[in-house]
Amino acid sequence: MQAVLTIFLAMLGLVAAQKSKEDSSFISKVYNAISIPVGEAMEAFQAKYATLPFAESISFPVLVVSVVSGAIALWLITKLLDPRPYLYNSGKLGNLEKKSVFVCPKSGEYVPPKKTAA
């Protein structure tokens with residue numbers, strides 16, 4: 001996130017510097033004030049990450065992408081395999097589910113649609 005912000009500010013600084021020379025010193029000061037601490041923090045983090053036992057096998061960006069995609073996949077699988085997804089709010093039917101033709105109003109169970117002659 002900070003790297004994206006730094007790149008955005010760098011592009012903003014280049015555009016502003018092309019428009020007027022007076023503002024370029026202010027933009028460069030803002031860019032330096034943001035980018036230098038971010039760069040130092042990234043260097044320090046990479047030095048500490050390199051000492052971890054699994055750092056030789058997997059790089060940090062790949063680790064982050066793996067963890068995030070795994071978490072999203074786990075969340076998606078649990079949502080898709082929920083046997084009663086319409087029940088929420090402590091097991092009570094919501095307003096839309098109470099009016100649904102696919103839910104029995106008395107038991108709250110799923111009612112399959114009626115077959116037509118077509």
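## Surface and burial

The protein chain exposes about 10,100 Å². Carbon and sulfur atoms supply 68% of that area. This is a predicted model. Of the chain's 118 residues, 13% count as buried.

## Fold outline

Four helices and two strands make up the secondary structure of the protein chain. Along the sequence, the order is α-α-α-β-β-α. The two strands thus follow three helices, and a helix comes after them.

Contacts give another view of the chain. Take those between residues at least 6 apart in sequence: 21% of them join residues at least 24 apart.

## The nonpolar patch

Which residues make the nonpolar surface patch of about 410 Å²? They are Phe45, Phe60, Val64, Val68 and Ile72. Helix H3, residues 60–80, gives the patch its largest share, with four residues.

Phe60 is in helix H3. Its relative accessibility is 32%, so Phe60 counts as partly exposed, the class that runs from 20% to 50%. Phe45, another patch member, is also partly exposed, with a relative accessible area of 36%.

## The aromatic cluster

How many aromatic pairs does a search of the whole structure find? The search finds four. One of them joins Phe45 and Tyr49: the ring centres are 6.2 Å apart and the planes meet at 25°, so this pair is stacked. The cut-off for stacking is under 30 degrees.

Phe45 and Tyr49 both belong to helix H2, residues 24–49. They are four residues apart there, so about one helical turn separates them.

Is Tyr49 buried or exposed? Tyr49 counts as buried because its relative accessibility is 9%, and the limit for burial is under 20%. Tyr49 also pairs with Phe54. Their ring centres lie 5.9 Å apart and their planes stand at 75°, so the pair is edge-to-face. That class needs planes over 60 degrees apart. Phe54 is partly exposed, at 38% relative accessibility.

Ring pairs link Phe45, Tyr49, Phe54 and Phe60 into a cluster.

## Where patch and cluster meet

Phe45 and Phe60 are in the nonpolar patch, and both are in the ring cluster too. Phe45 comes from helix H2, whereas Phe60 comes from helix H3. Burial varies within the cluster: Tyr49 is buried, while Phe54 is partly exposed.

Key:
Residues are numbered from 1 along each chain as its sequence is written. This is a predicted model: local features need pLDDT of at least 70, side-chain atom pairs count only at pLDDT 80 or more; totals for chains, interfaces and linings use all residues. Side-chain values use heavy atoms; hydrogens and water are left out. Buried means under 20% relative accessible area, exposed over 50%, partly exposed in between (1.4 Å probe, protein chains only). Contact means heavy atoms within 4.5 Å. Accessible areas come from the Shrake-Rupley method with a 1.4 Å probe; for residues, only the protein chains shown count as cover. Patches are made of residues with over 30% relative accessible area and no salt bridge: like charges are joined within 9 Å, nonpolar side chains (Val, Leu, Ile, Met, Phe, Trp, Tyr) within 5 Å. A salt bridge is a side-chain nitrogen of Lys or Arg within 4 Å of a carboxyl oxygen of Asp or Glu. Rings of Phe, Tyr and Trp (its six-membered ring) pair if their centres lie within 6.5 Å; planes under 30 degrees apart count as stacked, over 60 as edge-to-face and the rest as tilted.
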